[in-house]
Amino acid sequence: MNAMMLCYALLIGLALPLGLYMGRALDTDRPSVMDRLFGPVESVLMRLAGVDRRASMSWSAYLLAVLKLHLLLVALAWLVFMGQGFLPLNPDGIPGMNWDTALHTAVSFATNTNQQHYSGQAQLSYLSQTLAIVTLQFLTPATGLAVLLAITRTLLRRPAATDAGGGVGNYYVDLTRIVMRVLLPLSLVVALILVWQGVPATYQGAERVMMLDGGATQVIPRGPVAPMVAIKQLGTNGGGWYGPNSTVPLENPTGLSNLIETIALMLIPVASLIAVGVISGRRRLMMGIGAVMIAFSLITTSLIVVSERLPNAALAGLVVADSPNLEGKELRFGSDLSALWGSWTTQTSNGSVNAMHDSFNPLGGLGLLMDMFVNVTFGGIGVGLIGYLLYLMLAAFIGSLMIGRAPELFGKPLETREMRWISLAILAQPLIILGLSAITVTFPGLTGNSNPGFHGLSQVLYEFTSAFANNGSGFEGLGDATPWWNLTCVVALAVGRFLPMLVPLAVAGWLAGKRTAPQGRGSLVMESGAFVGLSAGVIVIVNLLGFLPALVLGPIAEQLVLAP
Amino acid sequence: MSFASFLNSTRLGSARRDNAGGAATALRFTLLMAGLLGLLYPLVVVGLGQLAFPHQANGSLLSDREGRVVGSALIGQRFTGDRYFQGRPSAVDYAADAVAGSNLAPSNPALRQRAEADARRITARDGVPPGRIPADLLTASGSGVDPHISPEAAAIQVARIARVRGLAPSAVTALVERYSDRGDLGEPRVNVLALNLALDGRE
């Protein structure tokens, strides 16, 4: 537990100054000293791209700009993956990807998910790993944060923004600021520390060595690994260079590299919350939301850490009694650091791993699934807090009715149109995850299960949950490189990304056009502890109602069967 | 509400007036960022990494006294001979280009079968009875190329190594101690390849 508490303390200690910095550096309405430092480069980039930096977009134009850019990103990545066999930077001579895995990979990375139905070191060239994947690993977390900034300006800022044209900001300006002022500098620092610790950074191809005992050949894949791993961790991306991700010593060599990668995966999601508090002036509300998130985080992390300290039932009587579950885990990390990473990576929709989740004990797997259902325990960059706002809107509707008021959010009336879309965005999650899981297990030829029994159902459930949550981790025994898995996951990836991210932007836009009701003594106080508690209750109840039956049939049943 | 009326309500027609930039802007922005983030940024890290840490940047390769590359300090190798310390089970037989874990669930009978077979082999080789075997020697790592074993897993192999190589057990134990890592932020561990290279006098 000491390592776990050290990581939480370090996380808060680093996220606080970063969040305060981001709150100043990313606020387009308040000039700061950072403008003088970054402004000249940014204005050159904007001029090259042909962006009018002073133009503020309406919420619908902002939304369209997001969709337009993402169509191009998918196209770029898809073409590079399919054509990598003919393109440069391919020293190991890797052929092009087939169309369905390439499409799944492109959508997976364009949705900040990084679910992988391939093994990177064997199936992607250096050009694919950098030009296609690293580019998307920067622009997709930046998009989540950009949309959060647009919502903050429109819905949360106090006093309300005075932009007469009804603008919510400029998407390209937001993206550029986030990349240049936050993601790129942090990635450079983290990447160089990782090289120091042993993560490769070279354009040379794989090295062939003769093994000491017996002389057989071992092929050691290399490449520009470190720059990718840095943004993979920092950008809630998760898609690694090597198939088994940060379990591989070349992707995560030492205790120090593991500590840095662990903190990096949670850092910006926590800092974003603080930044929004600074920009919006709603510090109390953000502190309340942060408290709920920390509580959720500690609950599932403790569950997973305790679960992985328990022995693996399959090894009873063979290994030293009371050994932790080390199947699928690296010895240098042991069970605690593997469980902590697993918990944080599913809370933040990062999805990188330093241990194989398929081999976790059933209660550990239960914790991972719960993290991904909730998906707002800090969550993906930008989208975690946006997802919480979605629940907050539902809580405001319920809370208003409970105290006998017409439903309102920050003094603006919540009406039929808003509530329809909010409900749809919340209900899409169980509909898609459970619906696709049900279809898949109905046809056993489709599942590709590698583990029998209850765990087989967990594998299917995990895959769709991970896709919808834009997480990207998996119960990796699943044989998922098939057209069925690729195409159904594309649906879950796209809906899970864009519906919960863009509906709150639309709601913010709609509410901005409405008259503010005067706040009286009977109004709903959003800053109150009672309301924040209600929002936490809404999250718990919605997820329990949606997913408890599936959890009982999967990990809970598996645990009951294994219990001595 | 129908989808059509949603589209109407979002005033899609206003996009141009907002100066949001058309498809051309999106395309130019995409290509610009792909060049900056997808090509230039990795190039800068590779350049700085090669300058500052060339050994690590090229994969932490180990050479023997004759200068032949014998492996990577970070990547485990397969050891089967009694003359060598043996590493953890691997789902891919230490093929570094096919890295993977077993992905076997605790409830999968295949995991029990594999562990029983490995336990029998360890009992026959090192005389350690079932129930006394360190857990890392019966569990496959996530990567399949874990370079380490626990100090306990090394300790149960010392007597065999000393016997086969005609060394004093205390000398082998001292060597294990030298290649152990306990001060780092991770778990206590021994690098198997480095230890075996040292045994062969090739480190």
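In this predicted model, a good place to begin is Tyr84 of chain B, where R165(B) lies over the face of Y84(B), at 5.3 Å from the ring centre. A second arginine, R83(B), also sits over the face of Y84(B), with 5.7 Å to the ring centre.

From this site in chain B, the view can widen to the meeting of the two chains. Chain B contributes 108 residues to the contact, and chain A contributes 117 residues. Between them, chain B and chain A bury an area of about 8,800 Å², and 67% of this area comes from carbon and sulfur atoms. On the side of chain B, the trio Y41(B), N103(B) and P106(B) provides 9% of the area buried against chain A, more than any other three residues. Aromatic residues of both chains also come together: Y62(A), Y171(A) and Y172(A) form one aromatic cluster with F29(B).

Aromatic rings deserve a further look, since a search of the whole structure returns 11 aromatic pairs over all chains. In one of them, the ring centres of F373(A) and F547(A) are 3.9 Å apart and the planes meet at 5°, so this pair counts as stacked. The two partners come from distant parts of the chain: F373(A) belongs to helix α12 of chain A and F547(A) to helix α18 (residues 529-562), with 174 residues separating them. F373(A) and F547(A) are both buried. Another pair, F464(A) with W485(A), is tilted, having 4.8 Å from centre to centre and 35° between the planes. This pair, too, links distant parts of the chain, as F464(A) lies in helix α16 (residues 454-468) and W485(A) in helix α17 (residues 483-512) of chain A, 21 residues apart. F464(A) and W485(A) are likewise both buried.

Next comes the loop of chain A that runs between α11 (334-347) and α12 (362-374), which is home to N354(A). With a relative accessible area of 1%, N354(A) falls under the 20% limit and is therefore buried. Its side chain makes a polar contact, at 3.0 Å, with the side chain of N258(A). Neighbours within four places in sequence aside, the residues in contact with N354(A) include S246(A), T247(A) and N252(A), together with E330(A), F333(A), L337(A), S338(A) and W341(A).

S352(A) is found in the loop between α11 and α12 as well. The relative accessibility of S352(A) is 0%, so this serine counts as buried. A polar contact of 2.9 Å joins the side chain of S352(A) to the side chain of Q233(A). Beyond residues up to four places away in sequence, S352(A) touches K232(A), Q233(A), G238(A), N245(A), L265(A), W341(A) and T345(A). W341(A) thus appears among the contacts of N354(A) and also among those of S352(A).

Finally, the cysteines can be considered. A disulfide is a covalent bond that joins the sulfur atoms of two cysteines. A search of the whole structure finds 0 disulfides over all chains. Two cysteines of chain A may be described by their surroundings: C7(A) has a relative accessible area of 2% and is buried, while C489(A), at 0%, is buried too.

Notes:
Residues are numbered from 1 along each chain as its sequence is written. Chains are lettered from A and ligands numbered from 1 in the order in which they are written. This is a predicted model: local features need pLDDT of at least 70, side-chain atom pairs count only at pLDDT 80 or more; totals for chains, interfaces and linings use all residues. Side-chain values use heavy atoms; hydrogens and water are left out. Helices (H or I, at least four residues) and strands (E, at least two) are DSSP runs, numbered from the N terminus. Buried means under 20% relative accessible area, exposed over 50%, partly exposed in between (1.4 Å probe, protein chains only). A polar contact is a pair of N or O atoms within 3.5 Å; within protein, one must be able to donate a hydrogen and the other to accept it, and residues adjacent in sequence count only if both atoms are side-chain atoms. Contact means heavy atoms within 4.5 Å. A disulfide is a pair of cysteine sulfur atoms within 2.5 Å. Rings of Phe, Tyr and Trp (its six-membered ring) pair if their centres lie within 6.5 Å; planes under 30 degrees apart count as stacked, over 60 as edge-to-face and the rest as tilted. A charge sits over a ring if NZ of Lys or CZ of Arg is within 6 Å of the ring centre and within 35 degrees of the ring normal. Buried area is the accessible area (1.4 Å probe) that two parts lose on being put together, summed over both.
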